[in-house]
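Student: I would like to learn how to read a structural model feature by feature. Could you take me through one?

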Amino acid sequence: MTARTEDGLRTTGLTRSFGGVRAVDGATVAFRNGEINALIGPNGSGKTTFFNCVTGMIRPDAGTVTYRGRAITGRPPHRIARAGIGRTFQLCRVFPRMTVLENMLVAVRRTRPRELLAGARDPRDVEKARRLLVRVGIDHLERVEAGNLSYGQQKLLELAAVLMGDPETVMLDEPAGGVNPALIGRIGALIRELNAEGTTFLVVEHNMDLVMSLSHHVVVFDRGRPIAEGPPDVVRNDPRVLEAYLGV
Ligand SMILES: Nc1ncnc2c1ncn2[C@@H]1O[C@H](COP(=O)(O)OP(=O)(O)O)[C@@H](O)[C@H]1O
Ligand SMILES: [Mg+2]
């Protein structure tokens, strides 16, 4: 369990362009460990690219990323995961031809996919996987191929699979996007529970009711960098935020 005030993820001057587009443009931002942090902003404001730079999916052109004071800039994804950061994707990533339980077991990587399909299973991992599937409410689906789950169930599976790695910080890219209201409620409750147990969150989300009810701290991106931040009530009433969203 980490203290609320502890230094967590921090970027300085983070920059990444695609052709002529500066998707992330000199973003300097800090998130405290122990909190539920939200990253919001209009479509195309660079939120997913920011996530990709932080988690090693793409290399930044410039700037630094540190986590708990340690430089992690440009490290490959497995090294970022080992540093304690897990993530999900805006467009859910599960293995559609593997069962729900198999998806959980490949997430820990102690068992390689080939061995897994040949039947090798670490009983401790299976036990842990089942416990997490109960927690997200899809344990009754453990033998179902992931491709046959609803989109919302796939998102719950993706979250449960990330938790197999015991991340200290979880980054969620639009966890409620395309998910029905009942499952959105469950995802929100889960994030709150996990945070109460010590997990830090950084959540990109368009559902403002969810963001405002869940977050301790909200950072607003526009054109690749933060333009406002603070507690939900403050951000909600910030004229710069309205301007970014409405172009007024
Ligand atoms: N792989 C890519 N190739 C080219 N342009 C990209 C790529 N990824 C993102 N972009 C562009 O970068 C900008 C920011 O995109 P993105 O990070 O997806 O924003 P958000 O997640 O806030 O909607 C957009 O203009 C987008 O078109
Ligand atoms: Mg995005």
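Tutor: We shall go through a helix, a metal site, the domains and a few single residues. This is a predicted model, in which local features need pLDDT of at least 70 and side-chain atom pairs count only at pLDDT 80 or more, while totals for chains, interfaces and linings use all residues. Residues are numbered from 1 along each chain as its sequence is written, chains are lettered from A and ligands numbered from 1 in the order in which they are written, and side-chain values use heavy atoms, with hydrogens and water left out.

Student: What span should helix α7 have, and what do its end C-alpha atoms show?

Tutor: Helices (H or I, at least four residues) and strands (E, at least two) are DSSP runs, numbered from the N terminus. The expected span of a helix is 1.5 Å times one less than its number of residues. For the 16 residues of α7 (residues 181–196) this gives 22 Å, and the end C-alpha atoms are 23 Å apart, which agrees.

Student: Which residues of α7 are buried?

Tutor: An α-helix has 3.6 residues a turn, so residues three or four places apart point the same way. Buried means under 20% relative accessible area, exposed over 50%, and partly exposed in between (1.4 Å probe, protein chains only). In α7 the buried residues are L183, I184, I187, G188, L190, I191, L194 and N195. They cover an arc of only 160 degrees around the axis, taken from the directions from the helix axis to the C-beta atoms, which puts them on the same side of α7. The exposed residues P181, A182 and A196 sit on the face turned away from that buried side.

Student: What covers the buried residues of α7?

Tutor: Contact means heavy atoms within 4.5 Å. The cover includes the strands β3 (36–40), β7 (169–173) and β8 (200–204), together with the helices α5 (123–136), α6 (151–163) and α8 (208–214).

Student: What is found at the start of α7, and what just after α7?

Tutor: A polar contact is a pair of N or O atoms within 3.5 Å; within protein, one must be able to donate a hydrogen and the other to accept it, and residues adjacent in sequence count only if both atoms are side-chain atoms. At the start, a side-chain oxygen of N180 reaches to within 3.0 Å of the backbone nitrogen of A182. Just after the helix, G198 takes a positive phi of about 120 degrees. T199, in the loop between α7 and β8, is buried at a relative accessible area of 12%.

Student: Which protein atoms are donors of the magnesium ion?

Tutor: Donors are N, O and S atoms within 2.8 Å of the metal (3.2 Å for Na, K and Ca), and since water is not among the atoms, sites may look incomplete. For the magnesium ion (ligand 2) the protein donors are T48 (OG1) and Q90 (OE1), lying 2.1 to 2.2 Å from it. T48 lies in helix α1 (residues 47–54) and Q90 in the loop between β6 (85–87) and α3 (100–108), so the pair ties together parts that are 42 residues apart in sequence. Both are partly exposed, T48 with a relative accessible area of 26% and Q90 with 31%.

Student: Where do the domain bounds fall?

Tutor: Such bounds come from an automatic or database domain assignment. Here the assignment gives domain 1 (7–92 + 169–246) and domain 2 (95–148), with 27 Å between their centres, taken over C-alpha atoms.

Student: How far apart are V219 and I40 in sequence and in space?

Tutor: V219, in strand β9 (residues 217–222), and I40 are 179 residues apart in sequence and 6.3 Å apart in space, C-alpha to C-alpha.
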